[in-house]
Amino acid sequence: MKYKIQAIVLVMIAFILGYSEFIIIGIVSTLATAFSVSPAQVGLLVTAFALVYAVCTPFINLWIGKRRLHLVLLLLMGIFVAGNLATALATSFITLAIARIVTATVSGAIISVAITFGAAVAPRAKRARLIAWIFSGFSIASVFGVPLGTWMSGHLGWRSVFIVITLLALMTTGLMYGLMPHNISQGQAKSLRDQLGILKNRQIQIGLTLPMLNLAGVYTFYTYLSPIITKQLGLPLVWLTPLLFLYGLMSLFSNLGSGRLAEQSGLRRLPWVFMIQGLLLLTQPLLAQWPMAGVLNMLIIGLSMYLINAPIQMHFMGIAERDYPQAMVLASSFNSIFSNVGIALGSGVGSVAFKQLGLNFIGPVGAIFALGALLAVRKLNQLLTVTQ
């Protein structure tokens, strides 16, 4: 019973992190009006958040060292609470941006520590499934939290959203402190170089490319899902919200499916995932001639989106647990860090493809990244076969 409650708390942490990160997308226009800036300037908050997240996470994880993880998580959640409260109280766009940067600084490290706790409290047979559920917290935030937050913003004001996030974070911090073991820490590292030694491992190096290439391919397509639905598929505007919701549900099922995949030699099966994903992206503009076929294609791409999460996370943590125990928290952050790099890469390349080539080239350009992921996972599986 205690394990189930611990698992719920860890999923709640991921949900709150995702809620705080994604909600800006739902209230861009509201914030632009409130602070008399352009929507594009508000959009830069999303870019800045992702960049700060990716840059700061490894440095904080290296700082953690031998420190007890429940105290580290308590400190990080305190900063997260302060960042969201400052966001709710922001009086200018500059103070809003600073508050968002403060929040982003610790968000990646929080999920890294949460995943490390998950690996420690879960029975080995349930570890992959719990990690998949933790990642699903982000999808739940996207599917349910963002629409709810957008509704709250329209009816109660945008500040109410961040007050709710602050209160949820405080409640979750209290539950975490009371329920998580207080004696967990990673192995002793002699120096920062000792922790960074994990990056010399060839299986880690190739593994790092997988979440990056996977989300680069999908986000080339996903970033422009709205115009794809309304312009390329030619569907009525009233279909947009239901279809975006369905896509979000597919991404949630994708996260949950990744847990089952990890329990069944997930990395061995990933070549099929990337092969199918690449074909779907490549044929996306052709299938768009038949709207229902285009919608089905879109939803299956969403279903493939996060199947990599649990298998690659188990791969990173398995190597760290066996050979680099001093770098467990750092290893726990690899997936989220390089996923964010992939998101930035895919959305950037998608923007160029859209402007220079047109909407019909979005999918095929994304397929190039899927092909790269296919080649990388095949190489990784070859290395794993040799070392077994």
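The exercises below, each with a worked solution, concern a predicted model.

**Exercise 1. Salt bridges**

Determine how many salt bridges the model contains, and state for each pair which elements hold the two residues where these are given.

Solution. The criterion to apply is a side-chain nitrogen of Lys or Arg within 4 Å of a carboxyl oxygen of Asp or Glu, and by this rule the count comes to three salt bridges.

Step 1. Glu321 and Arg127 meet through their side chains in a salt bridge with an N to O distance of 3.2 Å. Because Glu321 belongs to helix H14 (residues 309-323) and Arg127 to helix H6, this pair ties together parts that are 194 residues apart in sequence.

Step 2. A salt bridge also joins Arg129 to Glu263, where the closest N and O atoms are 2.9 Å apart. Arg129 lies in helix H6 whereas Glu263 lies in helix H11 (residues 240-263), so here the parts tied together are 134 residues apart in sequence.

Step 3. Arg322 pairs with Asp323, and the closest N and O atoms of this salt bridge are 3.0 Å apart.

**Exercise 2. Accessibility of the paired residues**

Classify each salt-bridge partner as buried, partly exposed or exposed, using its relative accessible area.

Solution. The cut-offs needed are under 20% for buried and over 50% for exposed, with partly exposed in between.

Step 1. For the pair of Glu321 and Arg127, Glu321 has 37% relative accessibility and therefore counts as partly exposed, while Arg127, at 11%, counts as buried.

Step 2. For the pair of Arg129 and Glu263, Arg129 is partly exposed with a relative accessible area of 34%, and Glu263 is likewise partly exposed at 34%.

Step 3. For the remaining pair, Arg322 reaches 55% and so counts as exposed, whereas Asp323 has a relative accessible area of 39% and is partly exposed.

**Exercise 3. A nonpolar surface patch**

Identify the residues that form the nonpolar patch on the surface, and work out which helices supply them.

Solution. Step 1. The patch consists of Trp63, Leu75, Ile79, Ile94, Ile98 and Val102, which together have about 530 Å² of accessible area.

Step 2. Helix H4 (69-89) and helix H5 (93-121) each supply at least two residues of the patch, and the largest share, three residues, comes from H5.

Step 3. Trp63 is found in helix H3 (residues 39-64). With a relative accessible area of 39%, Trp63 is partly exposed, and a patch residue must have over 30% relative accessible area.

**Exercise 4. Two residues of helix H4**

Compare the surroundings of Phe80 and Gly78 by asking of each whether it is buried or exposed, or something in between.

Solution. Step 1. Phe80 lies in helix H4 and is buried, because its relative accessible area is 0%. Not counting residues up to four places away in sequence, Phe80 touches Ile16, Leu17, Ser20, Thr103, Val106, Ser107, Ile110, Ile165 and Ala169.

Step 2. Gly78 also has its place in helix H4, but at 38% relative accessibility Gly78 counts as partly exposed. The C-alpha atoms of Gly78 and Trp133, which are 55 residues apart along the chain, are separated by 24 Å.

**Exercise 5. Packing of H6 and H7**

Describe how helix H6 packs with helix H7, and then locate Arg159 with respect to its contacts.

Solution. Step 1. Two packed helices are described by the angle between their axes and the distance between the axes. For H6 (residues 127-156) and H7 (residues 158-179) the angle is about 130° and the axes are 6 Å apart, which means that H6 is oblique to H7.

Step 2. On the H6 side Gly149, Met152, Ser153 and Leu156 take part, and they meet Trp158, Ser160, Val161 and Val164 in H7.

Step 3. Arg159 has its place in helix H7 and counts as partly exposed at 33% relative accessibility. Leaving aside its neighbours within four places in sequence, Arg159 is in contact with Thr87, Ala88, Leu89 and Ala90. Of Arg159 and Ala88 it can be added that they are 71 residues apart in sequence and 4.7 Å apart in space, C-alpha to C-alpha.

**Exercise 6. A backbone angle**

Find what is noted about the phi of Ser36, and where Ser36 is placed.

Solution. Step 1. Ser36 has a positive phi of about 55°, although this residue is not a glycine.

Step 2. Ser36 sits in the loop between helix H2 (28-35) and H3, and with a relative accessible area of 68% Ser36 is exposed.

Methods: Residues are numbered from 1 along each chain as its sequence is written. This is a predicted model: local features need pLDDT of at least 70, side-chain atom pairs count only at pLDDT 80 or more; totals for chains, interfaces and linings use all residues. Side-chain values use heavy atoms; hydrogens and water are left out. Patches are made of residues with over 30% relative accessible area and no salt bridge: like charges are joined within 9 Å, nonpolar side chains (Val, Leu, Ile, Met, Phe, Trp, Tyr) within 5 Å. Accessible areas come from the Shrake-Rupley method with a 1.4 Å probe; for residues, only the protein chains shown count as cover. Helices (H or I, at least four residues) and strands (E, at least two) are DSSP runs, numbered from the N terminus. Buried means under 20% relative accessible area, exposed over 50%, partly exposed in between (1.4 Å probe, protein chains only). Contact means heavy atoms within 4.5 Å. Axes are lines fitted to C-alpha atoms, for helices over the stretch in contact, and angles run from 0 to 180 degrees between N-to-C directions. Angles under 35 degrees count as roughly parallel, over 145 as roughly antiparallel, 65 to 115 as roughly perpendicular and the rest as oblique.
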